[in-house]
Amino acid sequence: MTGLPVTPGQTIGPFYGYALPYDGDSQLVPPSHPQAIRLHGTVRDGNGAPVPDALLEIWQADAEGNVVRVEGSLKRDGYTFTGWGRAATDDNGSYTFTTITPGASAGGVPFIAMTVFARGLLDGLFTRVYLPDHGSDALLSSVPEGRRGTLVARRDRHGLVFDVALQGEAETVFLSYPRA
């Protein structure tokens, strides 16, 4: 049998930390911004081990709940909030973003949309990061009560903590979107 070239599906990760990060990618606002908070956590696999080569992307509204439509999200200028960021996990599976607390958009509750990319995943996993003590919306209410906590961040002295479990008993609730 002759060797066949590998396909992209067979070569998925761990290349995220090498090819996709860029300067300021995890800083939606600079740490010195007066409304800056930290969104941080750990990504773990089904055995509870940290995933050291995951990449997370977030999208969010600004503090007033407006969905920002600013060109140049990949270029950080030190003051423009673009509503989008990317962070790689470190050797301990930890990630961090510097952002602001999102406001509620379109009469809903505030949340941060998150996509997780990691080795072994052919597609990103979509989830939401809801703020503690900000109520519920139709999506969060549709999740079984015992699982809702996997979508709600908790506060610490730096901002918000949101841990991601890729599998297992405490698996984060991931969303699926119908294909068009």
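**Notebook: strand 1 and its surroundings**

I began at strand 4, where Thr-99 stands opposite Ile-37. The model I consulted is predicted.

I then looked up the pairing of strand 1 (37-44). With strand 4 it pairs in the antiparallel sense over six bridges. Strand 8 (residues 159-161) runs parallel to strand 1, and three bridges join the two; I noted Gly-159 as the bridge partner of Arg-38. Strand 9 (residues 164-165) also pairs with strand 1 in the parallel sense, over two bridges, and Val-43 has Val-164 as its bridge partner there.

I next asked why strand 1 should be regarded as largely enclosed by the rest of the structure. Six of its eight residues are buried, so the description holds.

I turned to the nonpolar interior. The largest nonpolar core has 28 residues, and Leu-39 is among those with the most contacts inside it, as are Tyr-95, Met-114, Val-164 and Leu-166. Strands 1, 2, 4, 5 and 6 each give two or more residues to this core. Beyond its neighbours within four places in sequence, I found Leu-39 in contact with residues including Ile-58, Tyr-95, Phe-97, Met-114, Val-129 and Phe-162. I recorded a second, separate core of six residues, including Val-109, Tyr-130, Leu-140 and Leu-151.

Finally, I traced an open sheet of four strands, with the order 3-2-5-6 and antiparallel pairing. Strand 3 (84-88) and strand 6 (125-130) are its edges, each pairing on one side only. From one strand to the next the twist averages 25°. Within this sheet, five bridges link strand 2 (residues 55-60) to strand 3 in the antiparallel sense, and Glu-57 has Arg-86 as its bridge partner in strand 3.

Note on methods. Residues numbered from 1 in each chain as written. Predicted model: local features only at pLDDT ≥ 70, side-chain atom pairs only at ≥ 80, totals over all residues. Heavy atoms only, no water. Pairing = 2+ DSSP bridges. Axes fitted to C-alpha atoms, helices over the stretch in contact; angles between N-to-C directions. Core = buried A, V, L, I, M, F, W, Y, C linked by side-chain atoms within 4.5 Å. Buried < 20%, exposed > 50% of the residue type's maximum accessible area, 1.4 Å probe, protein only. Contact = heavy atoms within 4.5 Å.
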